[in-house]
Amino acid sequence: LIAKTEEVVEKDLLISEKEKLYVELKNILARQPGPEVAEQLSVYQSSLRNKTRQMKSMASELNMYQAQVNEFKYEIERLTRELQDVKRKYYEQKRREQLANEIAAEESAMGRGQAEQQLQAAQKATTRFAGGGFAIR
């Protein structure tokens with residue numbers, strides 16, 4: 001009877017150890033990811049690949065646009081220099097024309113001065129009449 005009791009106690013101890021081991025394994029398995037986590041992980045990976053592809057394409061577009069901006073800046077600088085040249089040439093031409101006109105005006109003023117003197121003398125010599133026939137000298 002004592003041997004049987006000891007045998008039962010040993011078997012109870014084995015059963016309790018097996019139950020503890022079972023509970024530990026159950027807890028470990030509960031912490032392990034299930035199939036839904038694997039699906040979610042694959043969704044995240046595909047989303048990450050798409051976003052990475054989008055980011056690379058946007059980076060290449062950004063580089064292209066920066067190159068265009070640099071080209072446009074260079075074009076603006078070139079056009080600004082060209083405009084300054086045209087303005088300078090225009091104002092030089094205007095100055096030359098103005099000087100030529102002034103010289104021509106001075107030359108004709110000498111000739112006109114004599115003509116104006118003759119005209120004034122002719123006007124003084126003639127009698128003008130104002131509205132009622134009154135003579136004005």
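In this predicted model, R88 and E92 pair up in a salt bridge, with 3.4 Å between the closest N and O atoms. The spacing along the chain fits: R88 and E92 are four residues apart in helix α2, so about one helical turn separates them. Neither partner is tucked away. R88 is partly exposed, at a relative accessible area of 41%, and E92 also counts as partly exposed, at 26% relative accessibility. With a cut-off of under 20% for a buried residue, the 26% of E92 puts this glutamate in the partly exposed class.

The R88 and E92 pair does not stand alone. D85, R88, E92 and R96 are linked together in a network of salt bridges. As a general point, side chains carrying opposite charges can pair when their charged atoms come close. Searching the whole structure turns up six salt bridges.

Another of these contacts sits in helix α2, which covers residues 35-125. Here the side chains of E82 and R78 meet in a salt bridge, 3.1 Å from N to O. Again the two residues are four apart in the helix, so E82 and R78 are about one helical turn from each other. E82 is partly exposed, with 43% relative accessible area, and R78 falls in the partly exposed class too, with 31%.

Helix α1 has a salt bridge of its own, between K11 and E7, where the closest N and O atoms are 3.9 Å apart. With a limit of 4 Å for a salt bridge, the 3.9 Å between K11 and E7 still qualifies. The sequence spacing is four residues within helix α1, so about one helical turn lies between K11 and E7. K11 is partly exposed, with a relative accessible area of 48%, and E7 is partly exposed as well, at 39%.

Helix α1 spans residues 2-31 and also holds L21. This leucine joins L25 and I28 in a nonpolar patch on the surface, and together the three residues offer about 260 Å² of accessible area. L21 itself counts as partly exposed, at 45% relative accessibility. Since patch members need over 30% relative accessible area, the 45% of L21 clears that bar.

On the aromatic side, the count is one aromatic pair. The pair is formed by Y90 and Y91, with ring centres 5.3 Å apart and an angle of 70° between the planes, an edge-to-face arrangement. The label follows because planes over 60 degrees apart count as edge-to-face, and the angle here is 70°. Y90 is partly exposed, with a relative accessible area of 44%, whereas Y91 is exposed, at 53%. Exposed means over 50% relative accessible area, so the 53% of Y91 lands on the exposed side and the 44% of Y90 does not.

Stepping back to the overall picture, the protein has two helices and two strands, and along the sequence these elements run in the pattern α-α-β-β. Of the 137 residues, buried residues make up 0%. The accessible surface of the protein adds up to about 13,300 Å², and carbon and sulfur atoms account for 59% of that surface.

Note on methods. Residues are numbered from 1 along each chain as its sequence is written. This is a predicted model: local features need pLDDT of at least 70, side-chain atom pairs count only at pLDDT 80 or more; totals for chains, interfaces and linings use all residues. Side-chain values use heavy atoms; hydrogens and water are left out. Rings of Phe, Tyr and Trp (its six-membered ring) pair if their centres lie within 6.5 Å; planes under 30 degrees apart count as stacked, over 60 as edge-to-face and the rest as tilted. Buried means under 20% relative accessible area, exposed over 50%, partly exposed in between (1.4 Å probe, protein chains only). Patches are made of residues with over 30% relative accessible area and no salt bridge: like charges are joined within 9 Å, nonpolar side chains (Val, Leu, Ile, Met, Phe, Trp, Tyr) within 5 Å. Accessible areas come from the Shrake-Rupley method with a 1.4 Å probe; for residues, only the protein chains shown count as cover.
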